[in-house]
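User: I would like to go through the charged contacts of a protein and hear the reasoning behind each label.

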Amino acid sequence: MSLTAAVGVAAHGHVSNIVINGVSYQTYDPTVFPYMSDPPTVVGWAASNTDNGFVAPDAFNSGDIVCHKAATPAGGYAQVAAGDSISIHWNTWPESHKGPMIDYLAACNGPCDSVDKNALEFFKIDEAGILDSSSAPGTWASDVLIQNNNTWLVQIPTNLKAGNYVLRHETIALHSAGQANGAQNYPQCFNIEVTGGGSQAPAGVVASELYTPTDPGIEVNIYVSGLDYQIPGPALISGVPSTVKQVSSAITASASATVGSGSGSGSGNGSGATTTTTTKAASTSPSQAKPTTTLITSTKPVVSSTTKVPSTTAANTSATKTQTGGVAAQTLYGQCGGINWTGATTCAKGTCTEYNPYYSQCVEVAAAAAPAPARGGGCAGSKNQAGRR
């Protein structure tokens, strides 16, 4: 693996599993599965972001924005009842990559394992943006993700019509978004079969029409206090909260993805089979030390996509530090400088490298020696995105 790819894998993250009523389902690992001769069938869509990279705004009109780079449908699915919640677990996420958390659904109108991704019409069921803008760069939904052990909880609408759906989960890193083409989208998709429910069948839009590169929630300078951030994308569907209380849960069992056609008719009766293995109840978090931060909002009939998300309990957004020789130092890929930055300015590993006046990052020596990106850039290295990580 090249140095650039290695930096990418370490700097960002991906969804490792989803949990439904205590049962954990493995998702697609882009850093491992592409190199396996016979990867497992999972509920997560396959994608070619082997460096844990992102989709840039100049690709918004391409198929990459649907479920990530060169994504193809998952071979299996998980079953969930309308009204239940899905806990989405990331393996890691960098604190410096602040931005919103957004979730969509799209009906497959048949089996999801063979659906045309460009024909999927997505409707928004969950969104959260900036929570406290009193001091730049603010507290964001991504900070709540981190403080809740890198998990995000999304509720399936109670009255949703039963059937097969693609759940599109996304965060948008905005640390470089002050410049054109600087935002970083990380969409990931999972196949689900919704059971029960009612008759709600919301209209949606194809993924290539969700955003434009100049949307105010895409091209935005987050390094200003009092930011009135506009979450990009269409409005939430009616009758759902902007988001639900964000809490971590426990995994009590694991299950393989169900393989088969699911409930293409909308009846909710899947035809596939799954194997469940009971495990000892454990926290869904790889780290027990992090405090849980809750995000509570109320249900609204309709919420405009430009509505500012209400403030909630602020997450602890200070960067992780290590002690080196008795002096506080920033970890690799952490922020180490910039206007209004009050944290560590030395690196426990790597070199503190400035990418714009507001953001400096601890990167590997070889990456720091690479040509600097245009002013306003973000992190170091990604396929076709050199200098932005």
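User: What makes Lys98 a buried residue?

Analyst: Lys98 has a relative accessible area of 4%, and buried means under 20% (exposed is over 50%, partly exposed in between, with a 1.4 Å probe and protein chains only), so Lys98 is called buried. This is a predicted model, in which local features need pLDDT of at least 70 and side-chain atom pairs count only at pLDDT 80 or more, while totals for chains, interfaces and linings use all residues. Residues are numbered from 1 along each chain as its sequence is written, and side-chain values use heavy atoms, with hydrogens and water left out.

User: Why is the contact of Lys98 with Glu95 called a salt bridge?

Analyst: The term asks for a side-chain nitrogen of Lys or Arg within 4 Å of a carboxyl oxygen of Asp or Glu; between Lys98 and Glu95 the N to O value is 2.8 Å, and therefore the pair qualifies. Glu95 is buried because its relative accessible area is 17%.

User: How do you know that Asp143 and Lys98 form a salt bridge, and where do they lie?

Analyst: Their closest N and O atoms are 3.1 Å apart, so the rule is met here as well. Asp143 is in helix α3 (residues 141-147) and Lys98 in the loop between β4 (85-90) and β5 (101-107), so that the pair links distant parts of the chain, 45 residues apart; helices (H or I, at least four residues) and strands (E, at least two) are DSSP runs, numbered from the N terminus. Both Asp143 and Lys98 are buried.

User: Which residues are joined into one network?

Analyst: Glu95, Lys98 and Asp143 are joined through salt bridges that share partners.
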